[in-house]
Amino acid sequence: MDRNKKIIKVSIYGIIVNVILVIFKAIVGFITGSIAIILDAINNLSDAASSIITIIGTKLSNKRPDKKHPYGYGRVEYFSSIIIAVIVLVAGLTSFKESFLKIIKPELAEYSAISIFIIIVAVFVKFFFGRYVKNEGTKLNSNSLIASGTDAISDSVLSLSTVIGALISMIWHLSLEGYLGLIISVIILKSAYEILKDTVSDMIGIRADSNLTKKLRKKVMSYKEVIGVYDLVLHNYGPNTIIGTAHIEVPDNMSAKEIHKLTKEIAADIYLNLGITLTLGIYASNSEGEFKNIKAYLNTLVKKYKTILQVHGFYVDEENSFISFDLIFDFDEKNQENIKNEIISSLKNKYPKFDYYVVLDTDFSD
Ligand SMILES: [Zn+2]
């Protein structure tokens with residue numbers, strides 16, 4: 001079964017479980033007159049809604065790419081995650097307000113043993129179901145499922161507080177539901193904020209997962225002609241569509257025919273094993289000539305600057321008397337241009353017959 005089918009299956013379970021809980025809780029809530037239980041039921045209703053949104057989002061994101069959206073519709077999933085997070089946020093605000101009102105004007109609700117029993121069952125159902133949804137979400141890399149699962153777990157804690165409140169109200173005739181509700185509301189608000197933050201961050205574009213980039217680099221480096229892999233950039237169009245570019249360093253005596261074969265093989269390998277569409281650019285590496293001293297001198301120059309993360313693509317074109325290399329700076333370094341010029345003038349002093357061509361690369365990935 002593919003990812004989308006699994007997400008939809010989990011979401012359908014979500015709708016069924018929540019609708020059953022809504023019916024039971026609504027009945028118990030109206031019989032006992034407990035606002036907490038009725039609110040809880042409404043909350044379950046919103047969980048069923050979030051499952052429906054997950055299904056719609058998954059279906060839409062699965063649409064085939066077309067001329068207008070050649071990267072596909074994968075990013076639709078970010079919108080469904082945001083809608084669900086907003087639902088959770090509203091649920092949190094509502095329960096915060098209700099709990100606050102209850103503290104100001106406490107009411108003792110009437111509970112029967114059977115209603116407490118039903119709530120306890122609901123707590124367990126919700127808690128274990130929530131964990132299941134959250135785990136599936138993590139496995140399937142679906143923020144919508146993670147959001148629904150997190151919501152279900154916090155709901156079960158909210159229900160638990162209702163039970164505790166009920167017991168306290170029965171034994172000591174004290175109404176603590178309001179205080180308990182307030183604490184839970186804050187927890188719900190916090191999880192809503194975190195889901196929103198994560199999803200918005202994904203939409204803005206985050207640094208590629210370092211496990212993935214390491215795996216990719218290792219795979220490319222396993223080709224014997226490849227001397228180095230640099231400037232790896234990965235873009236995603238939804239959680240499962242990744243397109244990227246990288247530079248590989250190969251000996252300068254390779255022919256276009258050989259490079260053609262090599263890059264085709266690497267691209268196919270990366271696509272089959274990691275699902276990434278990778279385009280490769282070429283850096284040449286000197287296969288003849290002795291330029292070790294120049295490179296060593298460059299390395300000593302670079303070592304002086306702690307904010308230089310990497311030097312790569314060092315190549316000496318003797319025929320045209322120029323040397324090229326790339327520098328990667330830490331994002332915090334504001335003086336990149338100045339440092340680059342300092343390095344060039346030091347090189348120029350020591351090896352005046354060359355011109356220097358230096359590119360400042362961005363620290364895109366690990
Ligand atoms: Zn570069």
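This report describes the fold of one protein chain, from its overall form to its two sheets and the helices on them.

**Overall form**

The model is predicted. The protein chain holds 10 helices and six strands. Its radius of gyration is 29 Å, whereas a compact globule of 366 residues would have one near 21 Å. Along the principal axes, the C-alpha atoms of the protein chain fill a box of roughly 95 × 40 × 35 Å. Of the 366 residues in the protein chain, 32% are buried. Among contacts in the protein chain with a separation of 6 or more, 71% are between residues 24 or more positions apart.

**Two domains**

The protein chain is divided into domain 1, residues 3-204, and domain 2, residues 210-361. Their C-alpha centres lie 49 Å apart. Nine residues from domain 1 and five residues from domain 2 take part in the contact. On the side of domain 1 that touches domain 2, one residue is nonpolar, five are polar and three are charged.

**The sheet S1-S2-S3**

Strands S1, S2 and S3 form an open sheet in that order, with mixed pairing. Strand S1 (228-236) and strand S3 (276-285) each have a single partner strand and stand at the edges, so one side of each is left without a neighbour in the sheet. From one strand to the next, the twist averages 15 degrees.

S1 pairs with strand S2 (residues 242-251) in the antiparallel sense, over seven bridges. Two of the bridge partners can be named: Tyr-230 is matched with His-247 in S2, and Leu-234 with Gly-244 in S2. The two strands form a hairpin with five residues between them. In the turn, Gly-238 has a positive phi of about 95 degrees.

On the other pairing, S2 and S3 run parallel and are joined by 10 bridges. Here Glu-249 has Tyr-283 in S3 as its bridge partner.

**The sheet S4-S5-S6**

A further open sheet is formed by three strands in the order S4-S5-S6, and its pairing is mixed. The edges are taken by strand S4 (308-317) and strand S6 (355-361), each with a single partner strand, so one side of each is left without a neighbour in the sheet. The twist in this sheet averages 15 degrees from one strand to the next.

Strand S5 (residues 322-329) and S6 run parallel, joined by seven bridges. The bridge partner of Ile-328 in S6 is Asp-361.

**Helices on the sheets**

Four helices lie against these strands. The table gives the strands that each helix touches or lies across, and the angle of its direction to one of them.

| Helix | Residues | Strands | Angle |
|---|---|---|---|
| H7 | 210-221 | S1, S2 and S3 | about 135 degrees to S1 |
| H8 | 256-274 | S2 and S3 | about 145 degrees to S3 |
| H9 | 292-303 | S4 and S5 | about 155 degrees to S4 |
| H10 | 336-350 | S5 and S6 | about 155 degrees to S6 |

Helix H7 lies across S1, S2 and S3, and helix H8 lies across S2 and S3. On the S4-S5-S6 sheet, helix H9 lies across S4 and S5, while helix H10 packs on the sheet and touches S5 and S6.

Terms used: Residues are numbered from 1 along each chain as its sequence is written. This is a predicted model: local features need pLDDT of at least 70, side-chain atom pairs count only at pLDDT 80 or more; totals for chains, interfaces and linings use all residues. Helices (H or I, at least four residues) and strands (E, at least two) are DSSP runs, numbered from the N terminus. The radius of gyration is taken over C-alpha atoms; the globule rule is 2.2 Å times the number of residues to the power 0.38. A residue is buried if 20 or more other C-beta atoms lie within 10 Å of its own, exposed if 12 or fewer, and partly exposed in between; C-beta atoms are placed from the backbone. Two residues are in contact if their C-beta atoms, placed from the backbone, lie within 7 Å. Two strands pair if DSSP finds at least two bridges between them. Axes are lines fitted to C-alpha atoms, for helices over the stretch in contact, and angles run from 0 to 180 degrees between N-to-C directions. Domain bounds come from an automatic or database domain assignment. Ala, Val, Leu, Ile, Met, Phe, Trp, Tyr, Cys and Pro count as nonpolar, Asp, Glu, Lys and Arg as charged, and the others, Gly among them, as polar.
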